[in-house]
Structure formats: structure tokens, C-alpha cells
Amino acid sequence: MTRKRLIIGGIIIVVVAVGGAGVLRGRGDKGVAVRLEAVARRNLVSTVTASGKIQPKSKVDVSSDITGRIIELRVKEGDMVKQGDLLLRIDPSTFEASVARAEAGLASARAAAVQAEANRAQAERAAQRSRELRAQNPNLVSDEQLEQAETTFRVAEAIGTSAERQVDQAQASLQEARDQLAKTVLRSPMNGQVTRVAVEEGEVAVPGTFSRETGLLATVSDLSVIQVNVQVDETDVVRLHMGDSTEVTIDAFPDTTFAGRVTKIAQSSSQISAAAASADRAVDYDVEVTLDNPPPGVRPDLSATAKIVTATRDSSLSIPIIALTVRENTPISSEIAPADTAKGERETEGVFVVQGGVAQFRPVKVGIAGEEHFEILEGLALGDSIVAGPYQAIRDLKDSTRVRPMPADANARKGT
């Protein structure tokens with residue numbers, strides 16, 4: 001009886017041990033905890049976001065072409081002006097003297113021209129008489145006298161022509177002096193608002209030959225059309241099109257968005273110099289966005305952000321952005337990969353599709369990217385179960401790995 005009990009007890013211990021090992025093995029083979037999500041249809045909006053500053057469509061920097069002291073400043077920042085309104089005056093005394101000198105020079109040149117014309121006419125008559133007398137009687141005028149009379153006429157004629165050119169030169173000098181005098185009065189080049197006054201009355205205005213900022217006197221802007229000048233990265237600018245709709249936020253007007261549209265896309269980058277181009281820096285392109293209804297009180301140089309809509313898709317198959325990953329593409333035996341093939345060329349984009357608790361990597365072709373989802377063009381069907389998180393699990397996941405869904409509370413804690 002005792003021996004029988006011992007045998008039964010041993011069998012029970014073995015069964016329990018085997019069962020326990022099986023339970024432990026089953027528990028250890030439950031798989032990697034992942035967040036699962038079904039491929040679904042969604043409305044997607046692809047956008048490009050860029051920052052920049054508010055600028056008027058038309059803006060003119062007023063500068064001086066002459067050097068002189070400012071004796072009158074008629075405007076201040078914020079004033080509304082019309083085309084032709086007086087902005088400022090420069091001391092004209094030096095230029096008035098130049099005009100007077102040029103007028104005197106012109107009068108002198110004209111008097112010299114009159115005198116030269118009289119001498120020419122007299123020399124012409126003397127030469128004509130010599131020719132007539134020579135024709136009547138060769139003995140009355142010798143060859144030398146006739147030749148001298150004709151030479152005198154030609155010289156007088158040349159002097160007369162030179163005097164006429166001197167008159168033209170004096171007229172040009174007078175016109176130049178008058179133009180310089182006219183430049184002492186600076187007027188508004190267009191209708192608009194004075195958005196900058198860079199000088200004070202009494203300062204000396206200088207031409208901005210080598211520096212635009214040095215010669216700047218004032219800025220007149222047409223604020224009837226407001227634009228946002230933003231810089232878009234080279235990887236995004238190819239997605240933009242003229243007329244793309246845009247949402248603009250202005251830092252000075254919080255919690256408000258303004259509608260706009262793309263009206264200009266630069267064809268060359270905004271790099272300033274060859275030295276900057278050679279530096280290791282991002283390449284940006286200038287893009288202009290025109291606001292449909294700019295807010296009242298908007299000013300140039302306010303900071304703004306533009307969200308440009310580049311494409312939309314209605315009810316398109318989509319997956320979370322985090323679900324898309326890259327794995328090395330192993331060629332089949334019939335494929336011969338070149339020895340110098342870059343690793344990046346052997347990588348394939350795809351997702352892990354879960355069937356029967358096993359995750360299989362499946363290559364996919366994606367379209368546009370929304371804020372949180374990719375459009376799927378090829379590789380998946382509606383309702384397919386895919387691994388959609390967490391990030392570390394997708395990064396480390398291997399093909400044919402067993403997976404199990406994460407509890408709902410764990411999903412909420414870890415997110416994506």
C-alpha cells in the first residue's frame with residue numbers, strides 16, 4: 001500500500017512538473033506587446049509649414065541721389081501719403097548756384113555762337129567775291145589770294161560749328177544742374193503709408209552707393225495688399241504650386257488664422273553668397289503668400305507662420321505615420337545584387353501585418369503624408385491589422401515575430 005502511494009505520488013509530481021513547464025513556456029511565448037490598428041479610410045491633408053514675416057506687396061525705399069543737409073522733414077512714421085506728396089527737402093543753395101552758373105555759361109556760349117556765325121558769314125562773302133573777281137579777270141585775284149579767302153571761310157565755318165556744339169554742351173550742363181536742384185525735393189513715389197523714417201531734420205543725406213541702409217531716408221508701403229514672405233526647405237518646395245491655399249497665423253494676433261494663397265515661388269535659393277552656399281547649411285527658397293483679408297493694424301515685419309495645403313485625399317486608405325518602417329530588402333536567389341550597391345538602395349519601406357498573432361513585414365507604396373497618417377497606394381487592403389506602435393517595438397521587430405496586443409490602459413500610457 002505504501003509503495004503504491006509512492007508511485008502515484010511520483011506520477012503526480014511528474015505531471016505537475018511537466019504541466020508547469022508547459023505553462024511557463026506558454027507564458028514566455030505570448031509574443032511582443034504591440035499596439036494593433038486596422039487599415040482604414042481617412043480624409044488626408046498634406047501641408048508644408050514655414051515661418052516668415054509680414055511684408056507689403058509694394059514697398060519703396062526713398063533715398064537721395066545727392067549729398068546735402070535736410071532742411072525740412074514733412075512726414076513721420078504712420079502718415080498716409082499720396083503719390084507726389086512732399087516728403088522732405090534738402091538744402092538747395094549749392095545747387096541753385098550751379099544752375100545760375102550753368103545759365104551764365106549757356107548765355108556766353110550763345111553769344112560766342114552768334115559772333116562765330118557773323119564771322120562765318122563774312123568769310124563766306126569774302127570768298128564769294130574773290131571767286132567772282134577771279135572769274136571776271138584772272139589778273140585781279142591771284143591763286144594765292146583766292147586760296148586764302150576760301151581757307152578763311154572754312155576756318156570760320158569750323159569755328160561756327162564748334163560754337164554751336166558749345167551751346168549744346170552748355171544746355172546739357174544747365175539741364176544737369178536743374179536736375180540736381182530738382183533732387184533736393186523728395187516726393188512720395190506712390191500712394192501708401194510711411195512705414196519708416198530713418199533720418200531727422202538737420203542730418204546730411206548721402207547717396208546709398210555702397211550701402212542701401214546708409215542712403216535710406218524713408219520707406220513708403222502700400223498696405224492694401226499684405227503678403228507673408230516665408231522660407232521653405234528644398235525638400236518641401238517641390239510640393240508647392242501657385243495658388244495653393246494657406247492658413248496663416250500672426251504672432252501679434254493670437255488664436256486667429258487668416259486665409260491666403262501662394263502667389264510666388266522663387267526659382268533660385270535664398271543663399272546670399274557663394275561662401276554661404278559652400279557652408280553646410282540648409283537650402284531655402286523664398287515663397288510669397290498673399291492674405292485674402294489682412295487684419296486691420298497689421299504692420300510690416302510682424303512674425304507669421306504659414307501652413308500651405310499641397311494636396312488632399314478623400315476617403316483614402318491610410319496608416320499611422322509611426323507604423324511605416326524600413327527593413328533591408330534581401331534579394332531572392334535569382335537576383336544578383338551589384339557589389340557596390342548602397343545599403344540605402346537595398347532598403348524597403350513597409351509595415352508589419354499581423355495574421356494569427358505573427359507579424360510579417362510587407363512592403364508598401366505610400367502617397368501623401370497628412371499630419372498623422374500616410375496614404376497607402378499599394379500593399380495593403382482595408383481592414384488589414386498592422387503594428388502601429390509603440391515606436392521602440394516597431395524599431396526592434398523582426399519578421400515572423402509573435403506579437404500580442406497591448407492592454408488598452410497601456411496604449412493610453414505609452415501612446416505611439
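What covers the buried residues of α3? The covering includes α2 (93–136), and the close-ups below begin with that helix pair. Please keep in mind that this is a predicted model.

**View 1. Helix α3 from end to end.** Helix α3 runs over residues 143–182, which makes 40 residues. At 1.5 Å a residue it should span 58 Å, and its end C-alpha atoms are 59 Å apart, so the expected and modelled lengths agree.

**View 2. The buried residues of α3.** Look here for Leu 146, Ala 149, Phe 153, Ala 156, Gly 160, Ala 163, Val 167, Ala 170, Leu 174 and Ala 177, the buried residues of the helix. In an α-helix there are 3.6 residues a turn, so residues three or four places apart point the same way. Helix α2 is part of what covers these buried residues.

**View 3. Glu 147, an exposed residue of α3.** Glu 147 also belongs to helix α3. Its relative accessible area is 54%, and because exposed means over 50%, Glu 147 counts as exposed. Between Glu 147 and Arg 131 there are 9.7 Å in space, C-alpha to C-alpha, and the two are 16 residues apart in sequence.

**View 4. The largest pocket.** This pocket holds about 330 Å³ of space. Of its 17 lining residues, the closest to the centre are Thr 195, Arg 196, Thr 219, Pro 300 and Asp 301. Two or more lining residues come from each of β3 (40–63), β8 (192–197), α4 (212–215) and β10 (216–233), with β8 giving the largest share, 4 residues. Sorted by class, the lining has 7 charged, 5 polar and 5 nonpolar residues.

**View 5. The second largest pocket.** About 230 Å³ of space lies in this one. Its lining includes Lys 53, Gln 55, Asn 229, Lys 264, Asp 286 and Glu 288. Strands β3, β10 and β13 (284–291) each supply at least two of the lining residues. By class, 4 are charged, 3 polar and 3 nonpolar.

**View 6. Aromatic pairs.** The structure holds 2 aromatic pairs. In one of them, Phe 253 and Phe 258 meet edge-to-face, 6.1 Å centre to centre with 85° between the planes. Phe 253 is partly exposed at 22% relative accessibility, whereas Phe 258 is buried at 11%. The rings of Phe 352 and Phe 361 have centres 5.5 Å apart and planes at 65°, so this pair is edge-to-face. Phe 352 is buried at 2% relative accessibility, and Phe 361 is buried at 18%.

Definitions and conventions
Residues numbered from 1 in each chain as written. Predicted model: local features only at pLDDT ≥ 70, side-chain atom pairs only at ≥ 80, totals over all residues. Heavy atoms only, no water. Expected span 1.5 Å × (residues − 1). Buried < 20%, exposed > 50% of the residue type's maximum accessible area, 1.4 Å probe, protein only. Contact = heavy atoms within 4.5 Å. 1 Å grid on protein atoms, 1.4 Å probe; cavity = no way out; pocket = protein on both sides within 12 Å on 5 of 7 lines; lining within 4 Å. Points joined across faces, edges and corners; volume = space filled by probe spheres on them. Nonpolar A, V, L, I, M, F, W, Y, C, P; charged D, E, K, R; others polar. Phe/Tyr/Trp six-rings, centres within 6.5 Å; stacked < 30°, edge-to-face > 60°.
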